[in-house]
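Okay, thanks for coming, everyone. I'd like to walk you through one model today, sheet first and helices after. Let me put it up on the screen.

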Amino acid sequence: MALRHAVLAALLDGEYSGYQLAKAFDIGVANFWHALPQQLYAELAKLEKDGLVSGRQVLQEGRPNKRLFQVTEAGRAELEAFAETVAKPSFIRDDLMVKVQAADRIGTAAVLAQLDERAEMAASKIDFLTELLHTLRGGADEDEYLRHGERIGPYLTCLRGVAFERETRDWCLRIAAVLRAREESRAEHS
């Protein structure tokens, strides 16, 4: 997937400025696609040049003018074509995993601290995403919302984000416990 498709998908919900798009990425899209604000601004310019989004200038008093962007019919067609392509399998590329792989040969103190930190970050993200799910469904029952909600795509990706963060948290806690137990066992036998 290219960043362009993630941007187009985010713009399906309405007209956004670059700043609003960056906020939308932080809230919802970051579950499955990370992009820095400067990458988003550059991508918006490319999408506009390619005719996949249209932008309009909004004059503001006392603040800089802003541009608002929305998906064009060509952009929707691009997303439809993208949806028809076979999705590539996900893969993990995580520097913490490399550190864990080497932990029993290089020492565990720094790795344990990072596992603890990652578990805490995942727990915070779980809380945030769980609240976002509640907000997205407007207090409705989840099953009812999934059957009849007007726009469930962001909700479904948020559910995946929660599952991912839970698995990350649980894995970090388990691996930290294993490494700590091994350290204690070594200390007892030394």
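So, let's start at the strands: β1 and β3 run antiparallel and are joined by 2 bridges. Pairing here has a cut-off, since two strands pair if DSSP finds at least two bridges between them. And the element names are DSSP runs too, numbered from the N terminus: helices are H or I with at least four residues, strands are E with at least two.

Quick housekeeping before I go on. This is a predicted model, where local features need pLDDT of at least 70 and side-chain atom pairs count only at pLDDT 80 or more, while totals for chains, interfaces and linings use all residues. Residues are numbered from 1 along each chain as its sequence is written, and side-chain values use heavy atoms, with hydrogens and water left out.

Back to the sheet. What order do the strands come in? It's β1-β3-β2, 3 strands in an open sheet with antiparallel pairing. The edges are β1, at 16–17, and β2, at 53–58, and each of those pairs on one side only. As a reminder, strands of a sheet pair through backbone hydrogen bonds, either parallel or antiparallel. Between β2 and β3, which covers residues 66–71, there are 6 bridges, again antiparallel.

If you want to click on something, try L68 in β3: S17 stands opposite it, and R56 stands opposite it as well. Also, G55 has F69 in β3 as its bridge partner. Then there's V53, which sits in strand β2. V53 has 3% relative accessibility, so it counts as buried; the scale is relative accessible area with a 1.4 Å probe and protein chains only, where buried is under 20%, exposed is over 50%, and partly exposed is in between. The C-alpha atoms of V53 and V71 are 4.4 Å apart, although their positions lie 18 residues apart along the chain.

On to the helices. Helix α1, residues 3–10, is mostly covered, with 6 of its 8 residues buried. The buried ones are L3, H5, A6, V7, L8 and A10.

Now the packing. Two packed helices are described by the angle between their axes and the distance between the axes. The axes are lines fitted to C-alpha atoms, for helices over the stretch in contact, and the angles run from 0 to 180 degrees between N-to-C directions.

Take α6, residues 109–136, against α8: the angle is about 155° and the axes are 8 Å apart. That's why α6 and α8 count as roughly antiparallel; the classes are under 35 degrees for roughly parallel, over 145 for roughly antiparallel, 65 to 115 for roughly perpendicular, and oblique for the rest. What residues make up the contact of α6 with α8, by class? There are 23 nonpolar, 3 polar and 8 charged ones. In that count, Ala, Val, Leu, Ile, Met, Phe, Trp, Tyr, Cys and Pro are nonpolar, Asp, Glu, Lys and Arg are charged, and the others, Gly among them, are polar.

Two residues to look at here. L115 is in helix α6, and its relative accessibility is 0%, so L115 counts as buried. L115 and C172 are 57 residues apart in sequence, but their C-alpha atoms are 5.2 Å apart. W171, in helix α8, is partly exposed at 26% relative accessible area. From W171 to A119 it's 8.2 Å, C-alpha to C-alpha, with 52 residues separating them in sequence.

What about α5, residues 95–106? The axes of α5 and α8 come within 12 Å and cross at roughly 20°, so α5 is roughly parallel to α8. Against α6, α5 packs at about 140° with the axes 10 Å apart, and that makes the two oblique.

Last stop, the aromatics. How many aromatic pairs does a search of the whole structure find? Just 1. Y145 and Y155 have ring centres 5.0 Å apart and planes at 55°, so the pair is tilted. For the cut-offs, rings of Phe, Tyr and Trp (its six-membered ring) pair if their centres lie within 6.5 Å, with planes under 30 degrees apart called stacked, over 60 edge-to-face, and the rest tilted. Y145 is in helix α7, residues 142–148, and Y155 in helix α8, residues 153–188, so the pair ties together parts that are 10 residues apart in sequence. Both Y145 and Y155 are buried.
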